[in-house]
Every structure is written in C-alpha cells, then in structure tokens.
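Reader: I have the model open and a few things to ask about it. Can we go through them one by one?
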Amino acid sequence: MLRNFTSRFRPGAVLTAALLALGLLAPGGVQAAESAAVTSPRVTATLLSSRDTIAPGERFHVALVQKLAPHWHTYWLNPGDSGEPTRIEWELPSGAEAGEIQWPAPKAIRVEPLVNFGFEDLALLPVEITVPQDARPGESFTLKANATWLVCEKICIPEEGSFVLDLTVGAASVADQSAQDRIDAALAALPKPAPFRARLGADGEKLALELAGLPSGATELRFFPVSDTLIEHAADQPFAAGEKPVLMLARSGAFKLERPDVAGVLTYRAGSEPRAVTLVADADPALLTAAGGAASPAARPAVVRIPVPSEGADLTLWAALGFAFLGGLILNLMPCVLPVLFIKALGFAQIAHVSRAEAREQGLLFLSGVFATFMALAALVIGLGALGAQVGWGFQLQSPPIVIALAVVMVLIGLNLIGAFEIGGSVVGLGSGLAGRKGRLGAFMTGALAVVVATPCTAPFMGAAVGYAVTQPPAMALSVFMALALGFALPVVALSCAPALLRLLPKPGRWMLVLRQAFAFPMFATAIWLIWVASVQTGPQGVLAALVAVLAAAFVVWLIGVTRGSLPRRIFGSVLAALVVLGAGWFTVQNAVPGATTEARAGDVGVWSPERVVALQAEGKPVFVNFTAAWCITCLANERIALSRQEVKESFAKLGVVYLKADWTNRDSRIAQALAEQGRAGVPLYLFYAGRKDAQAEVLPQILTPDIVIAAATRAAGREAKTAALAP
C-alpha cells in the first residue's frame with residue numbers, strides 16, 4: 001500500500017506540499033485592529049484598537065494587551081513593595097492626543113515576604129485616543145507606542161515593545177466588533193467611582209479608613225492606595241463592620257502624606273460578586289502634621305537583572321524561517337549526524353542501480369521520519385513551555401537515563417553494521433515481502449535517528465531561530481521547526497530524487513560491505529562519548545549503569561537469535577529478554593541520578609551566577625560567560641579549537657577577563673532562564689560583559705575562533721560597551 005501511495009506523487013510535488021504546509025502554519029497578515037505581537041517567554045503583548053476606521057474629531061479606545069505566562073505578573077500604578085508600573089510613550093499624528101492608562105483593579109500578589117500590586121494571566125490597559133478635527137477622510141492614521149514593563153516571578157525582568165497600528169480616516173467610524181467587545185468588557189470592569197467619600201484617621205500606630213456608605217454585607221475588603229508611602233502593603237487589613245465600617249491599615253515605616261486627601265481603589269465582595277471602586281478619603285489634618293514631609297520612601301529590595309541584548313528582539317517570522325532552514329542544512333555537516341547520513345547514502349548506492357523509484361521512495365520516507373521526529377520534539381518543547389518549564393534544543397540529553405539509552409542504541413547500530421546480527425534482512429519463515437516492509441520502516445527510522453543524534457549539536461543560525469520559536473504561539477513555533485526539518489532533510493531527499501546524482505554512486509560490490517562495517521566505528525565512538533556525558537552528569541555510578549545497559553542489550557540480541565525456532569523457545573526467549581530489559585532499565589534509572597558536580601567540573605574557571613556577573617562588573621572587571629554542556633558537541637569543539645588555546649588564555653590574563661562557566665549538562669532552571677532572556681533555547685551561548693556597571697552583553701557567534709574571542713575580550717576590556725550581537 002505504501003508503494004502504491006508514494007508512486008502516485010512526484011517527489012517535487014511532495015516537496016511543494018511540504019512548503020505549502022509550512023506556509024499554512026505561518027500566520028497570516030495581522031488585522032488592522034491589532035498590532036504585531038511582541039513576545040518573550042513571559043509576556044505576549046499587542047496593541048488593540050476598537051476601530052478599523054476612525055472619524056475626524058472622535059474619541060476611541062485602544063488597549064495594551066499583555067498575556068502573561070503562568071506565575072508571572074506585571075504591575076499596577078502603585079506596584080506595592082517592589083516593581084514598576086507599565087508605561088507607554090506615544091508617537092501620534094499631528095493634533096491627536098492620548099489619555100492616561102485607565103488602570104483595572106489590581107490584585108495583591110504575595111511574593112514572600114512582600115506583597116505586590118499587579119496583574120496575572122491577562123492585563124488589558126485601555127487608553128483613550130482623540131482624533132483631530134482636521135483629519136481628512138482617506139488619510140492614514142498611524143499610532144506608534146513604545147511600552148516598557150517589568151515582569152516578575154521570583155526574579156524580575158524589564159521588557160519593552162514597540163507597537164504600530166495603521167488605521168484609516170473615514171467619513172464615519174467603523175468598529176472592529178471583536179476588538180470593541182474586548183475593550184468594552186475591560187472598560188466595564190474598571191473600578192467605578194464610589195458613591196461615598198471615606199475618611200482616613202489615626203488609631204494609635206495604625207490608620208483607620210472609615211467607609212460610611214459601604215454596602216452592607218461587604219466582605220474580603222482590600223484597599224490599594226495610589227501612594228506607595230502610605231501603608232505597609234504586605235500587612236493584613238482587618239475589617240470591622242457596623243454603623244461605621246472601618247478598615248484598619250498598617251502605617252508605612254516611610255509614611256508620607258502631602259495632600260489632604262488620599263486616593264486609591266477598594267475591592268470587596270458583595271455576596272458572590274467581586275466589586276471595585278475608586279475611593280477618595282479625606283485625611284485627618286493631624287496626619288499631615290505627623291508626616292512632616294521629611295520621611296523618604298523605604299528602599300525596595302534590589303533585584304539582579306541580566307541585561308537583554310538586542311539580538312533576536314527584531315527577528316521576524318520569515319527571518320526565523322530562513323535561519324531555521326539554513327541551520328538545518330548546516331546541521332548535516334555536524335560530526336554527530338554525518339555517520340547516519342553516510343549509512344543512508346550507502347543504502348542508496350545499493351538500490352540506485354536497481355530501482356530509482358525505490359530510491360525516491362526511501363528518500364521520501366527518510367523525510368517523513370525527519371518531519372515526524374522534529375514535530376514530536378517541537379510538541380514536547382511547546383507542551384513543557386506551556387507548563388512553565390524552561391526547555392530548549394537538546395534538553396532531553398539533560399536526563400542521564402536518556403543519554404544511556406542513546407548510547408545503547410549506538411552500540412546496537414554498530415553491532416548491526418559490523419555483522420554481529422541483522423535487522424531487516426530475510427528472517428526464517430517470513431519471506432521477502434516482510435523484509436521489504438522492514439526496509440521502508442528502516443528508511444523512516446533512519447530519518448528519526450538522524451534527528452535524535454543531531455540534538456547535541458547546534459549549527460550556526462539555529463540558536464536564534466529555535467530561541468525565537470520557543471517564545472511564539474504554537475502555530476508559529478511549529479512552522480520554524482518545520483523549516484528546520486526541511487533544511488535538515490533536503491540533502492538526502494535531493495540525492496534520492498536526482499537521477500544524475502544517483503548515477504554518480506558506484507555499483508554495489510564488496511566495497512559496500514567494507515564501508516558498512518567501517519561505519520560501525522563512528523557509532524561506537526558516539527556511544528563512548530555518550531557514556532562519558534553520563535559520567536559527567538552522574539559520576540562513576542552512571543558509567544556502571546551505562547555498561548550494565550550495554551551488556552543487557554547485547555545479551556538480549558544474542559538471546560533472541562539463539563531462541564529462534566519452535567514456539568516454546570521463542571516464548572521463553574521473549575519472556576527472558578523482557579525480564580532482562582526491565583531489570584537493566586530499573587538498575588539504570590536507580591543509578592543514573594544527576595549529581596551536583598558543577599563546581600568540580602569548573603576547575604579553575606569560575607562558576608556562573610547572575611549575581612556574580614553584576615558584582616564583577618561593579619568592580620570594573622570584564623566578564624566572559626560560557627553557557628555550555630558536556631553533551632553539546634559544538635560546545636566541546638569550541639572549547640578545544642578556541643577557548644583552551646594558549647593565546648586566548650594569555651589574552652584573558654593580560655586584559656583581566658574573568659572566565660565564568662554556566663554548565664547546563666544537568667537541568668538548571670537559572671541557566672534555562674538566562675538563555676531565554678538572551679533569546680536562545682539551547683547551548684552554546686557566549687557572552688562578553690564590559691567591565692562597567694550595567695553594560696549589556698555582547699553575544700559571540702556559535703562557532704568560535706581564537707581571533708573572535710581575543711577581539712571580543714579587547715572590546716570588553718575597553719570603555720566602549722558593544723550591545724549588538726555579532727552573529728545569529
């Protein structure tokens with residue numbers, strides 16, 4: 001059936017269909033009522049307009065929409081104990097005006113021991129725009145907004161975005177109904193003016209907010225003052241109902257009251273309904289006297305922030321697709337992938353002179369295996385990201401059991417190539433038809449295996465593309481991974497579909513057997529490297545677990561071979577093999593446990609932390625940070641080719657560069673977070689910080705040379721801070 005299916009479609013048509021699917025996954029044109037999205041792993045922000053077409057002199061609303069990742073929050077007008085409110089700077093057509101942000105009611109967000117005032121999940125911040133009376137129908141009306149916000153979980157990250165809305169001036173306004181409904185709902189939910197005026201007085205060391213006129217039965221009261229020097233934000237606010245309802249507030253240690261009235265938002269529940277009102281309270285004159293105007297606001301806790309470089313911030317979807325395609329193409333040249341591709345080429349040489357149609361079929365099945373595996377990895381990355389996990393390219397190699405399982409697969413492939421056992425050949429009693437189907441399955445699985453062994457490598461252009469993908473909505477992320485898969489599979493598919501190239505392959509002969517056996521040794525070398533990675537992750541017990549797993553795999557292969565024949569023998573062999581696999585798997589999982597060995601591995605190189613980078617910059621020292629992993633072949637090659645060279649070490653010593661290593665061999669959420677902040681989803685990543693407080697990082701290319709590193713060290717040791725990235 002599969003042969004019939006593939007014979008109906010020309011290879012070119014299949015490639016065209018793949019490109020069409022890639023285009024379908026890419027988003028279409030952005031509607032006029034909403035700007036292009038500005039995205040990070042924490043926030044997706046857009047500017048939304050209630051109008052597609054505006055009329056001269058009218059007032060309408062736009063809104064900055066912030067969709068927040070789970071557990072992250074942005075801030076209200078008074079951010080509470082820490083933080084900064086969102087700010088918007090406008091560039092408007094002549095005569096147009098923009099009002100202030102109309103703030104929704106905040107919620108109290110506890111980040112022990114502090115309490116912040118802000119928004120989680122979704123924040124929609126409306127702003128009223130006034131169109132000039134002299135605007136002429138037919139003209140373009142372009143709104144530009146530059147917004148900055150601080151987004152926090154346990155750490156805080158400053159972010160910014162530029163938004164553009166191109167609207168049209170018409171004789172009458174035309175609403176975008178969907179956007180209008182969203183903005184209307186946000187406006188309807190804004191706190192309404194309270195139908196009463198409150199009074200703020202002193203009650204010993206506390207403040208008493210008298211709420212005469214509060215509806216009876218109100219519960220769960222919380223007062224959010226506009227001033228950040230009025231109350232202790234983290235303190236409880238006990239409420240006493242009665243004829244004169246009173247909300248008790250803890251006076252701020254930096255209490256300062258310069259006006260005779262106090263403004264804020266009061267939230268409460270009336271029955272089961274949440275309510276919010278804007279409140280003005282007349283302050284007791286004694287509070288103004290007690291304040292004296294001398295106190296200064298309490299200092300907020302310092303937050304260590306890693307400067308975010310400009311690379312990737314302006315990367316468009318189409319640029320990311322191009323980078324992904326080129327990165328996938330270059331990935332074929334990586335040492336971890338070449339042996340698998342040579343094996344596939346060997347298969348083409350075997351069938352090319354017999355059936356070109358079969359060669360094309362094998363190439364398309366290889367493409368299918370590549371696409372399926374890339375999509376599975378993409379789905380896993382997107383799914384884990386939606387759950388709040390920081391994952392990236394090659395993340396599965398942070399699991400020692402998976403590393404050991406890959407080592408076992410490499411050993412089995414090597415044993416198969418060298419002739420210790422056969423997979424896919426003629427098996428007793430099964431006939432040539434089943435062997436043919438196994439050949440097709442082998443082509444598909446070769447594509448899948450090529451992707452799996454490629455994950456330790458990161459090609460040029462890949463870092464920026466994958467980093468962009470993991471911050472985008474699922475459809476955009478999948479389109480980037482599809483471009484990566486297409487570039488990765490293209491050489492093999494081109495070879496299988498090009499008669500001229502197939503004719504260059506020599507005819508089958510003894511050379512094929514010799515070359516097939518020779519390919520076993522790169523597989524064994526890869527297995528040795530993977531076992532070394534396991535040793536770095538887990539120590540000696542990881543090596544023992546890997547060797548036991550290899551022994552068990554070899555024993556199972558031998559056992560299946562010697563128990564062929566009668567049904568009882570096959571059943572006995574299968575049961576015993578299953579028991580051996582289960583026992584070896586249990587032993588591997590129990591012993592392949594990540595160890596805290598980062599300090600020991602770092603040796604005389606400093607161990608990275610964001611606090612240490614900031615401290616060293618404050619001391620005037622330039623800092624080089626190497627984000628690496630033992631399972632990253634590109635990282636190891638760069639360390640051998642560039643970072644360990646004597647001239648680089650002498651340059652670092654001469655210029656006073658401090659070398660820090662961020663080792664991601666085992667999972668580390670802080671390193672994952674730092675990679676995400678730099679727009680990357682995996683290693684390697686190389687950063688140079690100038691020896692000056694708050695200087696941004698220079699991002700070095702993913703493929704290093706001694707000259708590149710020395711030149712960057714010279715720049716970092718100087719007084720000019722370079723903020724632009726050198727390469728993707």
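Reader: What share of the residues counts as buried?

Author: Of the 728 residues in this predicted model, 48% are buried. Buried means under 20% relative accessible area, exposed means over 50%, and partly exposed is in between, with a 1.4 Å probe and protein chains only.

Reader: Any caveats on the numbers?

Author: The model is predicted, so local features need pLDDT of at least 70 and side-chain atom pairs count only at pLDDT 80 or more, while totals for chains, interfaces and linings use all residues. Residues are numbered from 1 along each chain as its sequence is written, and side-chain values use heavy atoms, with hydrogens and water left out.

Reader: And the accessible surface, how much is there?

Author: About 33500 Å², and 61% of that belongs to carbon and sulfur atoms. The areas come from the Shrake-Rupley method with a 1.4 Å probe; for residues, only the protein chains shown count as cover.

Reader: How many helices and strands?

Author: There are 22 helices and 26 strands. They are DSSP runs numbered from the N terminus: helices are H or I with at least four residues, strands are E with at least two.

Reader: Which strands make up the sheet that has E23 in it?

Author: That is an open sheet of 5 strands in the order E22-E24-E23-E25-E26, with mixed pairing. Strand E22 (606-607) and strand E26 (697-699) are its edges, each pairing on one side only. Two strands pair if DSSP finds at least two bridges between them.

Reader: Mixed how? Which way does E23 run against E24?

Author: Strand E23 (residues 623-628) pairs with strand E24 (residues 658-663) in the parallel sense, over 6 bridges. Phe627 is opposite Ala662 of E24. With E25, strand E23 runs antiparallel, joined by 5 bridges; there Asn626 has Tyr686 as its bridge partner. E25 then pairs with E26, also in the antiparallel sense, over 3 bridges, and Tyr689 is matched with Ala697 of E26.

Reader: What holds paired strands together in general?

Author: Strands of a sheet pair through backbone hydrogen bonds, either parallel or antiparallel.

Reader: Is E25 buried or exposed?

Author: Mostly covered: 5 of its 5 residues are buried. Leu685, Leu687 and Tyr689 are on one side and Tyr686 and Phe688 on the other, so both faces of E25 are covered.

Reader: Which helices sit against that sheet?

Author: Helix H18 (residues 610-618) packs on it, touching E22, E23, E24 and strand E25 (685-689). The direction of H18 makes about 170 degrees with that of E24. Helix H21 (residues 669-677) lies across E23, E24 and E25, at about 110 degrees to E23. Axes are lines fitted to C-alpha atoms, for helices over the stretch in contact, and angles run from 0 to 180 degrees between N-to-C directions.

Reader: Now helices against helices. How do H20 and H22 cross?

Author: The axes of helix H20 (residues 646-655) and helix H22 (residues 706-717) come within 10 Å and cross at roughly 5 degrees. They are therefore roughly parallel to each other, a label for angles under 35 degrees; over 145 is roughly antiparallel, 65 to 115 roughly perpendicular and the rest oblique.

Reader: Which residues make the contact?

Author: From H20, Glu647, Val648, Ser651, Phe652 and Leu655; from H22, Pro706, Val709, Ile710, Ala713, Thr714 and Ala717. Contact means heavy atoms within 4.5 Å. The set divides into 8 nonpolar, 2 polar and 1 charged. Nonpolar here is Ala, Val, Leu, Ile, Met, Phe, Trp, Tyr, Cys and Pro; charged is Asp, Glu, Lys and Arg; the others, Gly among them, are polar.

Reader: Other topic. What is the order of strands in the sheet with E4 and E10?

Author: E1-E2-E4-E10-E7, an open sheet of 5 strands with antiparallel pairing. Strand E1 (38-39) and strand E7 (97-98) are at the edges with a single partner strand each, so one side of each has no neighbour in the sheet. Strand E4 (residues 59-68) and strand E10 (residues 122-130) pair over 9 bridges, with His61 opposite Glu128.

Reader: Last one. Where is Thr53, and is it buried or exposed?

Author: Thr53 is in strand E3 (residues 51-54). Its relative accessible area is 19%, so Thr53 is buried. Leaving aside neighbours within four places in sequence, its contacts include Glu58, Thr168 and Val174.
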